[in-house]
Amino acid sequence: MNVRQKTIKQEISASGVGLHTGANVTLTFCPAPENHGFKFQRIDLDGHPIIEADADNVTDTSRGTTLTQNGASVSTVEHVMASLVGMDLDNVLIKLDGPETPIMDGSSIQFVDLLEEVGTVEQNADREYFTIPHNITYTEEDRKVEIVAMPLDDYRFTCMIDYNSPVLGSQHAGINTIAEFKKEIASCRTFCFLHELEYQLSHNLIKGGDLNNAIVIVDKEVTKDELSHLAKLFNRKDIDVAPQGILNNMELRYQNEPARHKLLDMIGDLALVGMHLKGHIMAARPGHAANVAFAKKIKAAIKKEKNKKIQKVYDPNAKPLFDVVKIMEILPHRQPFLFVDKILELSKNHVVGVKNVTMNEEFFKGHFPGAPVFPGVLQIEAMAQVGGILVLCTVPDPENYLTYFLKIDNVRFRAQVLPGDTIVFRCDLLEPIRRGIAQMKGVGMVGEKIVVEAEMMAQISKVKQAEPAQ
């Protein structure tokens, strides 16, 4: 049974300070449309720039995970991201009036409580999962980091940490399904070692740090004078070392709370893959840098699997959904500017079409006739015509409409297309069509090789009578 996408019912906010910046910030979770995903918005900056929660936008992992896009950044996103995945959401806009998410109590539980309070709403679009197809591994020999994702029809985590600390020791944590996140993981707080705390304090790196939002592990001999100094810095009457080897500012919620928090961080960082996952993630000594690198490996696997689907869809012997005669009933283009030969698939959200590149194309007379290459701009035109079929098929009389480009972004030409090649184009809607405007991601492949990809925005406009193609 298909699972529907989910967003929240209404806006809800939380305020606090950023752990590293010390800035007071208000974070607001907002409902978002289908296929929106998770995005941050800096409402304190001119133009209110959007930052997509994507592993490719990570610019720093030294003291948390920082995302940067459109000239803006947001730091320490991992606890917020973990709460969104843990609450089984798909589409949320997170507005911030500062550069960093609030640290709250150092865990995800207060974000989870807010999301649970406001409630969720099911949307019309189906959720897309990526099921791990085979073992995907990541290692860092110098740090003894090992992460592997294995096939499983659920989302399971196992985590081990070992810092060579006699106090902390080796710890393990795990959940059998992401549904256990709230009960087992969400309330587990961040931690640091005392020597790290002293360094960060001396270099003014945790301006929003407080002994209420971190477990401090005492990994060295500490004098009464040092404890008194820490108490003064954090406005405490006194501080001592608890029997568990941590500062007595708080009690552990679980004996293995540090390992559980590392698992929380990993869930948040892997949310930057941009898709719900099914698989068993096992990690030894993970950290933000390794998590993000692993997320990028999963993204690469997703892209490869999608490419396989596109490549396999073309069978020259199969009867097309639309042949060129039917295509000319829908598109206004004609030879020599009709660049679609077949439509193989068509749904509400995607279309697959074929362009056969032959030496008798008109443009080869003037475009590198001694070394013919299918021009990149015409590849985009062919992709747009395939996408145009998708949009025009949403109206009952497509012959009375024309399609116009509004925007083209993120165009990449990855390989030459030569006479004799067959390009298979796939265009997928990035969001539902509204008022005749469609935003699509298009990919063109020759065999198993991507040759072109782009994001396009187009609009269909009704005309009184058929007009000549432009």
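This is a short tour of a predicted model, with suggestions on what to select at each stop.

**Stop 1: T7 and its surroundings**

Start by selecting residues 4-8, which make up strand 1, and pick out T7 within that strand. Is T7 buried or exposed? Its relative accessibility is 4%, and buried means under 20%, so T7 counts as buried. Now show side chains and add A32 to your selection: a polar atom of the T7 side chain lies 3.1 Å from the backbone nitrogen of A32. To see who else surrounds T7, add its contacts from beyond four places in sequence, which are P31, A32, L89, N91, V92, G119, T120, V121 and Q123.

**Stop 2: a small group of strands, 6, 7 and 8**

Next, switch to a cartoon view and select strand 6 (58-60) and strand 8 (72-74), together with strand 7 (residues 66-69). These three strands form an open sheet, ordered 6-7-8, with antiparallel pairing. Which strands stand at the edges? Strands 6 and 8 do; each has a single partner strand, so one side of each is left without a neighbour in the sheet. Look along the sheet and you can follow its turn: on average, neighbouring strands are rotated by 40° against each other, direction ignored. Two bridges hold the antiparallel pairing of strand 6 with strand 7. To find one such position, select V58 and its bridge partner in strand 7, L67.

**Stop 3: K342, a buried lysine**

Move on to strand 19, residues 342-346, and select K342. How far away is the nearest side chain of opposite charge? That side chain belongs to D315 and is 8.1 Å away; K342 is buried yet has no salt bridge. Display what K342 touches instead: leaving out residues up to four places away in sequence, the list is Y314, P316, P320, F322, I327, V352, G353 and V354.

**Stop 4: strand 24 and its two partners**

For the last stop, select strand 24 (residues 449-462) along with strand 21 (residues 401-413); the two run antiparallel and are joined by 10 bridges. Highlight F413 and you will find V452 of strand 24 opposite. Then add strand 23 (residues 437-446), which also runs antiparallel to strand 24 and is joined to strand 24 by 10 bridges. Here I437 stands opposite Q459 of strand 24.

Finish at the turn. Strands 23 and 24 form a hairpin with two residues between the strands. Which residue there takes a positive phi? Select G447, whose phi is near 65°.

How values were computed
Residues are numbered from 1 along each chain as its sequence is written. This is a predicted model: local features need pLDDT of at least 70, side-chain atom pairs count only at pLDDT 80 or more; totals for chains, interfaces and linings use all residues. Side-chain values use heavy atoms; hydrogens and water are left out. Helices (H or I, at least four residues) and strands (E, at least two) are DSSP runs, numbered from the N terminus. Buried means under 20% relative accessible area, exposed over 50%, partly exposed in between (1.4 Å probe, protein chains only). A polar contact is a pair of N or O atoms within 3.5 Å; within protein, one must be able to donate a hydrogen and the other to accept it, and residues adjacent in sequence count only if both atoms are side-chain atoms. Contact means heavy atoms within 4.5 Å. Lys and Arg count as positive and Asp and Glu as negative; His and the chain ends are not counted. A salt bridge is a side-chain nitrogen of Lys or Arg within 4 Å of a carboxyl oxygen of Asp or Glu. Two strands pair if DSSP finds at least two bridges between them. Axes are lines fitted to C-alpha atoms, for helices over the stretch in contact, and angles run from 0 to 180 degrees between N-to-C directions.
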